[in-house]
Structure formats: structure tokens, C-alpha cells
Amino acid sequence: WLKSLYGSRLGSVSMAPHAHPKWPGRSRRVSRTESRHPGEWPWRLPLLLGAACVGVLAGPSACKAHAAFCGSRLPQRPRLDVRRPAQAPGRDEAGPPDAILLKVLTPEGKVVKNIASAVSLPGAEGRLGVLRGHANMIAPVGIGLLRYKHKGVWVPLVVFGGYASIQNDVVTVLTSDCEREDEIPPLEDLKREFDRASANLAAASTGKDRMQAVQEVKTASARLQAATMLVGKKGQA
């Protein structure tokens, strides 16, 4: 329609020389429309501007239609994974800010699982205290008293050796056996047991008897400490 509007002469160039407006004496090439019809351009200029505006306005819709038609064929940019990182298993958002998770496991299937604010383990070279934010580590556990603080009260456990794993505020103790507070004998019986184990250690003559007597003394001492804690807790209640 542009060709029918402007005629076939639009864009054709005449080889006839014309005077250059800036340098007299020189010639320049002009179109036949400009040379033969100088008065037609003023009223055709708005039509050209209108056609340009229509092209600009129709451009975005044409691009959208093309994208809708060919979108599935174009290569897709890989999306970034913005999922929230997995939360540490021992960190309970609903619990206290200083909470850690304690798990005690035995081959017989005894499981102690509770939330604590502090844990004290009988390490091989002394006691090992664990609070929230403790560094990840694995440590051996000897025969002794394991205690943890739950709701402001210390709870005793007797463990018989093993290993403890501290990982992301989760304390996992793997032990051969454990005695919970409801399985600990009365205090008077444990005192007699401790005296008997001490006498056996003093009377041991061989290395094997001495090693066995040392284990009995450690077990009796841990039970006696746990029973003493339970008696003190009952007295406070």
C-alpha cells in the first residue's frame, strides 16, 4: 500500500545533476519525487509518522504472539535452586533457644531420647560437657554417670562404655547398656555394693582380677552417684 500511495517513483534516483546547497558549483543526486514533485512531501510526512507509530505499537504484541507460538521450542534457561537449606535435626524451632537433642542407644533396643539444655558425659579422660553450638566430634565414653539437664532439672543415666557423637546440636551415645532412673537400685543397696567392690579391688592379686575389680568399682560408683542425685531430687520436690 505504500507503493500505491507514493507511486512507483518512490526511491528512484535521477542521474541529473543539481546544485549542491552548501557548495555552489557542485552537483548532487536527488530523487525524481523531490525534483519533479517538491510540494507533495509536506502532506505525506504525517502518513509516514503514523505508519511508524503503528509499527512501534504493534511490535510488543507481535513479539508476545511469537513467543507464545515458539516458546516451547526455544532453549530454557536453567532455574536457580532457591530452596531453603535443610534444618539441622537437633534444632527445634519450637523449643528453648539453648536446646540440644540427646539420644542414647543400646544393642538391646533401649532408647533414651529427650531435649536437654546441657549434657555431661563420662569421657575416657574426664567428663565432657556439651552445650548448644558445640563443635562436631566423636569421643569415647567410659563406664560412669551420664547426666543431662531437662527443664532445669538434672536427670541421671548410667552408661557402660561406648562412643558419643556430637553433630549439629545432636548428642548420640552408643553404649553396650544403660540404666535409667527407674532402673537404679535403692541408695542403701548401692552403698553396700560399692563397699564390696572396693574390698575386692584391695584383695585382687593378679592383673586380671584387678581389671575386673576396677570395672566393678566404676559401675558401683556410677550407680551410687545416680542414686544420690535421685534422692536429692526427691528431697527438693
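**Exercise 1.** Describe the protein as a whole, beginning with its accessible surface and going on to burial, secondary structure and contacts.

*Solution.* The accessible surface of the protein comes to about 16,300 Å², and 58% of that surface belongs to carbon and sulfur atoms. This is a predicted model, and of its 237 residues 26% count as buried. Turning to secondary structure, one finds five helices and ten strands in the protein. Finally, when contacts between residues at least 6 apart in sequence are taken, 50% of them join residues at least 24 apart.

**Exercise 2.** Work out how strands β3 and β4 are arranged.

*Solution.* Begin with the strands themselves: β3 covers residues 100-105 and β4 covers residues 111-116, and the two run antiparallel, joined by six bridges. Next, look at Leu105, which stands opposite Val111 in β4. Then follow the chain between the strands, where five residues complete a hairpin, and where Gly109 in the turn has a positive phi of about 100 degrees.

**Exercise 3.** Locate Ala124 and decide whether this residue is buried or exposed.

*Solution.* Ala124 lies in the loop between β5 (118-123) and β6 (126-130). Its relative accessibility is 58%, and because exposed means over 50%, Ala124 counts as exposed. As a last step, compare positions along the chain and in space: Ala124 and Gly144 are 20 residues apart along the chain, and their C-alpha atoms are separated by 9.8 Å.

**Exercise 4.** Find where the charged end of Arg147 sits.

*Solution.* The charged end of Arg147 sits over the ring of Trp154, at 5.3 Å from the centre of that ring, a distance that meets the cut-off of within 6 Å.

Note on methods:
Residues are numbered from 1 along each chain as its sequence is written. This is a predicted model: local features need pLDDT of at least 70, side-chain atom pairs count only at pLDDT 80 or more; totals for chains, interfaces and linings use all residues. Side-chain values use heavy atoms; hydrogens and water are left out. Helices (H or I, at least four residues) and strands (E, at least two) are DSSP runs, numbered from the N terminus. Buried means under 20% relative accessible area, exposed over 50%, partly exposed in between (1.4 Å probe, protein chains only). A charge sits over a ring if NZ of Lys or CZ of Arg is within 6 Å of the ring centre and within 35 degrees of the ring normal. Two strands pair if DSSP finds at least two bridges between them. Contact means heavy atoms within 4.5 Å. Accessible areas come from the Shrake-Rupley method with a 1.4 Å probe; for residues, only the protein chains shown count as cover.
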